[in-house]
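Let's walk through this model together, starting with how far to trust it and then turning to the place where its chains meet.

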Amino acid sequence: MDSTKRKFEPKLFPPVFKIIGVILIILAFLPLTFINSSDLMDDKKELMLILIFNAIILGLLILAWSKDKVEDEMTISLRLKAMSLAFIFGVLYTVFMPLLEYSFATLYDETLVVFSSQQLILTMLIFYLIIYYLQKLRR
Amino acid sequence: MKNLLKIERTKLNLTQKVLAEKVGVSRQTINSIETERYVPSTVLALKISEVFQTTVNEIFILEKED
C-alpha cells in the first residue's frame, strides 16, 4: 500500500487543549454576571457582549477540535457524523429560527431579535459536542 | 456484517485492551466492533486478522442485508 496516500486525518489540538477551551468558556461567562449592573454605555455593553460570545465560541471550538486521550479511526468516524449532523442542524436552524422569532415577536408584540451568525455558530458547536459525546457514550 | 472477533479473541486468551494495543486502537473500538456497532476499515480488519493468524473472511462475515 502506497504510504503517501493517507486517508483523511484531521489535525486536532492535543488533549490538554480541552482544559484550555473549558477555562476560556468559564472566563467568558464571568463578565456576564456584572455587565448589566455596570456603568458602561449601551454601545460599550454591546461590544462587551460580542466579545463574550466570541470568546465562548472560540472556547467551544478549541474543545470540539481537541483530541481525545485515544484518537483512532472510530473517533474520527464519530466526529465526521457529528459534524454532518451539526451542519444539517445549522441549515434547519437558519431556515426556521428567524420564522419562529418573527412569529413570537408578532404574537407578543415584542421587538424582533435579529438572527446573528454568532447564534448559529454557537448552536452548531454545542450541537456537535452533544452529538459527538452521546455517540461515544453509546459505544 | 457480523464478526467472530470475540470468539477468536477468547481462543488466544486476549483481553479487549491487549488486542486494542496490538492493533493500535482504543478498547472502546474493539468493543464496538465486537458488538457490531462499528465496522472497521480495511486496514484495521487486516491488522486484526494478522493478530489471529487468519484471513479477514474468517473473522468478518457478510450478511444478506449487506
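A word on terms before we begin: pLDDT is the predictor's confidence in each residue, on a scale from 0 to 100. That score matters here, as you are looking at a predicted model. Chain A has a mean pLDDT of 84, with 83% of its residues at 70 or more. Within chain A, the confidence is highest in helix 1 of chain A (residues 17-29), where the mean is 93. At the other end, helix 2 of chain A (residues 32-35) has the lowest confidence, with a mean of 74.

Now rotate the view to the contact between the two chains. Chain A brings ten residues to this contact, and chain B brings 13 residues. Together they bury an area of about 980 Å², and carbon and sulfur atoms account for 47% of that. On the chain B side, the residues that lose the most area to chain A are Q28(B), R37(B) and Y38(B), which together make up 49% of what that side buries.

Which elements of chain B give two or more residues to the side that touches chain A? They are helix 3 (27-34) and helix 4 (42-51) of chain B. Helix 3 of chain B gives the most, with four residues. Sorted by class, the side of chain B that touches chain A has seven polar, five nonpolar and one charged residues.

What about specific interactions? Between chain B and chain A, the count of salt bridges is zero. Polar contacts, on the other hand, link six residue pairs between chain B and chain A, with both residues at pLDDT 80 or more.

Conventions:
Residues numbered from 1 in each chain as written. Chains lettered and ligands numbered in written order. Predicted model: local features only at pLDDT ≥ 70, side-chain atom pairs only at ≥ 80, totals over all residues. Heavy atoms only, no water. Contact = heavy atoms within 4.5 Å. Buried area = accessible area lost by both parts, 1.4 Å probe. Salt bridge = Lys/Arg side-chain N within 4 Å of Asp/Glu carboxyl O. Polar contact = N/O pair within 3.5 Å; in protein donor to acceptor, adjacent residues only side chain to side chain. Nonpolar A, V, L, I, M, F, W, Y, C, P; charged D, E, K, R; others polar.
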